[in-house]
Amino acid sequence: MKIGIIGLGVVGLSFASVLSSKGFPVIGMDSDGKKIEQINSKKLPFFEPKLKLFLKNALSKSLEISSDIDKVVRNCDFIFLTVGTPKSKSGYIDLSMLKKASKNIGISLRHTTKKPIIVIKSTVVPNTTTKVIKPLIEKASGKKTGKGFDILTNPEFLRESNVIDDTLKPHLVVIGGIEKNSVNKLKKLYRKLYGPRIKLMTTNTQTAEMIKYANNSFLATKISFINQISLLCQSIPGINIDDIAEGIGVDPRIGRSFLNAGPGYGGSCLPKDLETIIQFSSKFGSNPLLLRAVQQTNDLQIKYIIHLLEKNLGNITNKHITVLGLSFKENSGDIRESRSIELIKILLKKKAKITVHDPKAMKNTEPIFKNQIVYANTLLQSLDNCQCVIIMTPWKIYTKLKNSDFKNMKRKLVIDTRRILSRKNLNVEYFALGLGTN
Ligand code: UDX
């Protein structure tokens with residue numbers, strides 16, 4: 001049995017690496033020749049903890065990397081589609097890469113007797129598998145589902161910066177499809193990979209597709225909920241939002257995770273998936289009132305940070321402000337929909353002088369702001385002469401900041417959006433989101 005994985009981004013490359021390092025024969029395919037070269041020379045096209053180790057191991061075992069889709073279709077029993085479905089200009093998902101890959105699979109299917117099971121892992125709105133992808137493959141291949149190939153949906157729930165652990169031990173595997181034989185084959189593959197302890201759920205394709213959106217919308221809702229409570233806590237001296245989260249999180253009906261107040265959620269998934277499901281709901285005449293409020297609450301966090309800044313510094317034109325953390329979360333170099341990037345854009349409009357620091361995301365940020373901002377070489381350098389430092393991403397090195405590190409600041413004003421310094425005795429003007437100030 002051979003497995004093909006088309007699209008070697010975070011999801012595809014981690015899945016391919018984990019499968020191969022567990023002994024499954026895998027062909028990983030991507031149309032980007034530069035990426036193929038990088039991966040073949042054991043380099044990662046992006047930063048992701050633990051993945052390099054798994055990739056090296058996989059390449060020394062059974063992972064073959066190729067740009068030849070024909071090879072995948074001719075040789076593989078399962079073909080996982082893990083191409084990106086990024087945000088289009090309108091905010092809705094852009095299916096063009098998925099459509100192109102599906103069409104190419106179809107063309108290759110014409111010339112083979114192989115009947116692969118095609119598994120859609122990319123995030124897609126309900127009905128995409130049956131109403132968009134299936135007809136595309138049928139048309140390009142001249143073959144019918146059930147006869148020349150089968151098609152299933154299998155959304156993933158990986159978190160960037162944690163993809164290896166999440167791939168090794170998912171909380172759930174959802175398989176969407178009605179053709180029993182292929183559903184059972186995919187179940188068997190997952191049982192072989194994970195053993196009996198992982199929960200497998202089978203359903204139809206549209207339900208599987210919707211589970212992914214409902215999941216991400218709920219996570220975004222939890223974050224906006226705690227952020228809203230956090231803004232309220234701000235006005236009540238002595239309150240700490242993290243204690244509130246601990247208190248309610250103990251209730252098994254609520255749970256503690258995703259209740260960390262902060263500058264709002266970012267990343268390549270939550271903002272995009274929320275916007276897509278909002279637009280998707282509207283198409284069906286359903287009013288996504290709650291989800292819109294979740295988005296608006298998310299946007300409020302940045303506005304509140306600016307408010308805090310101006311309340312303390314007055315007019316920020318020409319004021320030197322340092323932003324610590326550019327990636328949308330710690331242990332990642334990804335700046336897609338990062339709240340830090342949004343914050344810097346607003347600060348620049350207000351003509352503030354910006355210096356930034358991030359352990360992994362500087363290179364990704366440079367093309368956006370070019371020479372409009374200063375990219376500090378070290379954390380300490382970034383604090384020199386600034387009038388306020390805003391901690392946006394909770395990188396571990398920022399949690400270690402101490403009094404002496406702030407000594408060269410022109411004004412020792414610290415805004416800590418993640419409360420990572422809150423329990424330290426700092427000799428600075430300290431403001432943290434979610435901590436009620438006196
Ligand atoms: C998310 C989902 O968690 C994952 O299941 C899905 O497959 C892809 O989208 P990811 O985008 O990698 O994963 O990041 P996640 O860990 O969910 O964080 C998203 C954003 O929310 C980050 O900006 C993070 O800092 C923020 N966040 C998260 C909070 O502000 N508070 C929290 O309690 C949790």
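**Stop 1: the largest cavity**

Start by selecting Pro263, Gly264, Gly266, Ser327, Phe328, Ser338, Arg339, Ser340, Met392, Thr393 and Arg418, the residues that line the largest cavity. You are looking at a predicted model. Show the surface of this selection from the inside, and you will be looking into a space of about 40 Å³. How many cavities of 30 Å³ or more does the structure hold? There is 1.

Now color the selection by residue class. The lining of the largest cavity has 3 nonpolar, 6 polar and 2 charged residues. Keep Phe328 highlighted, as this member of the cavity lining comes up again at the next stop, among the residues that come nearest to the ligand.

**Stop 2: the ligand and its shell**

Next, select the ligand and the residues around it. The shell has 19 residues, and Leu158, Glu160, Asn260, Phe328 and Lys329 come nearest. With the class coloring still on, the shell divides into 10 nonpolar, 3 polar and 6 charged residues.

Which helix gives the largest share of this shell? Select residues 205-233 to see helix α9, which supplies 4 residues. Then color the model by domain: domain 1 (3-203) and domain 2 (215-432) each contribute at least three residues to the shell around the ligand.

**Stop 3: polar atoms at the ligand**

Zoom in and draw three distances:

- From a nitrogen atom of the ligand to a polar backbone atom of Asn260: 2.8 Å.
- From an oxygen atom of the ligand to a polar backbone atom of Phe328: 2.8 Å.
- From an oxygen atom of the ligand to a polar side-chain atom of Lys212: 3.3 Å.

How much of the ligand does the protein bury? Taken alone, the ligand exposes 660 Å², and the protein buries 93% of that area.

**Stop 4: the second largest pocket**

Finally, leave the ligand and select Pro45, Phe46, Phe47, Gly333, Asp358, Pro359, Lys360, Ala361, Met362, Lys363 and Asn364, which line the second largest pocket. The space here comes to about 270 Å³. Color by class once more, and the pocket lining shows 6 nonpolar, 2 polar and 3 charged residues.

Where does this pocket lie with respect to domain 1 (3-203) and domain 2 (215-432)? Switch back to the domain coloring for this one. The second largest pocket lies between the two domains, because both domain 1 and domain 2 give residues to its lining. Pro45, Phe46 and Phe47 are among the lining residues to center on, and from there you can turn the view toward others, including Asp358 and Lys360.

Conventions
Residues numbered from 1 in each chain as written. Predicted model: local features only at pLDDT ≥ 70, side-chain atom pairs only at ≥ 80, totals over all residues. Heavy atoms only, no water. 1 Å grid on protein atoms, 1.4 Å probe; cavity = no way out; pocket = protein on both sides within 12 Å on 5 of 7 lines; lining within 4 Å. Points joined across faces, edges and corners; volume = space filled by probe spheres on them. Nonpolar A, V, L, I, M, F, W, Y, C, P; charged D, E, K, R; others polar. Near = heavy atom within 4 Å. Polar contact = N/O pair within 3.5 Å; in protein donor to acceptor, adjacent residues only side chain to side chain. Areas by Shrake-Rupley, 256 points an atom, 1.4 Å probe, with all protein chains shown as cover. Helix = DSSP H or I, 4+ residues; strand = E, 2+ residues; numbered from the N terminus. Domains from an automatic or database assignment.
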